[in-house]
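This report goes through a single protein chain, beginning with its overall dimensions and ending with its surface. Please keep the sequence and the structure in view while reading.

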Amino acid sequence: MVRDQESIERDIERARDALAVTLDQLGTRASPKRLADSAKTSVRATWSEPKVKYPVIGAGVLIGALVLRKLLR
C-alpha cells in the first residue's frame, strides 16, 4: 500500500517529537549537578547508618593512634 506524503510527514514529525522528549529526559538524568547531588545524598545516607559510621570512626582512631605512635618514637 502506498502512503501519501502527508502521512509520511506526520509520522516523521511524531518521531522527531518523541526523540526530542527522549533527549530532554536523558539530558536531565545525566546532568552533572543532579548526579553530584544524588551521590552526595547517597553518601550521607550510607554514612548515617551506625553499622558503617562506627567502624569507620574506629578505623580512623586506630590509624591516628598508629601514626602518633610512629611519630613519637
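For a compact globule of 73 residues one would look for a radius of gyration near 11 Å, but the protein chain has 28 Å. The model is a predicted one, and its C-alpha atoms, taken along the principal axes, fill a box of roughly 90 × 25 × 20 Å. Of the 73 residues, 1% count as buried, while the accessible surface comes to about 6,800 Å², with 64% of that area belonging to carbon and sulfur atoms.

**Helices and charges**

The protein chain contains three helices and zero strands, and along the sequence the pattern reads α-α-α. The chain carries 14 positive and 9 negative charges, and the mean positions of these two sets lie 27 Å apart.

**Salt bridges**

Side chains of opposite charge can pair when their charged atoms come close. The structure holds three salt bridges, which are set out below.

| Salt bridge | N to O distance | Helix | Spacing in sequence |
|---|---|---|---|
| Asp11 and Arg14 | 3.2 Å | H1 | three residues |
| Glu13 and Arg16 | 3.1 Å | H1 | three residues |
| Lys33 and Asp37 | 3.5 Å | H2 | four residues |

In helix H1, which covers residues 5–29, Asp11 and Arg14 are separated by about one helical turn because they are three residues apart. Asp11 is partly exposed, with a relative accessible area of 28%, whereas Arg14 is exposed at 52%. Glu13 and Arg16, also three residues apart in helix H1, are likewise separated by about one helical turn, and Glu13 counts as partly exposed at 36% relative accessibility.

Helix H2 spans residues 32–47, and within it Lys33 and Asp37 are four residues apart, so that about one helical turn separates them. Lys33 counts as exposed, at 60% relative accessibility, while Asp37, at 32%, counts as partly exposed.

**A nonpolar patch**

Which residues make the nonpolar surface patch of about 490 Å²? The patch is made by Trp47, Tyr54, Val56, Ile57 and Val61, and its largest share, four residues, comes from helix H3, which runs over residues 50–72. Ile57 has its place in helix H3 and is partly exposed, with a relative accessible area of 39%. Membership of a patch requires over 30% relative accessible area, and the 39% of Ile57 therefore meets that cut-off.

Conventions
Residues numbered from 1 in each chain as written. Predicted model: local features only at pLDDT ≥ 70, side-chain atom pairs only at ≥ 80, totals over all residues. Heavy atoms only, no water. Patch = residues over 30% accessible without salt bridge, like charges linked within 9 Å, V, L, I, M, F, W, Y side chains within 5 Å. Areas by Shrake-Rupley, 256 points an atom, 1.4 Å probe, with all protein chains shown as cover. Salt bridge = Lys/Arg side-chain N within 4 Å of Asp/Glu carboxyl O. Helix = DSSP H or I, 4+ residues; strand = E, 2+ residues; numbered from the N terminus. Buried < 20%, exposed > 50% of the residue type's maximum accessible area, 1.4 Å probe, protein only. Rg over C-alpha atoms; globule rule 2.2 N^0.38 Å. Lys, Arg positive; Asp, Glu negative; His and termini not counted. Charge placed at Lys NZ, Arg CZ, Asp CG, Glu CD.
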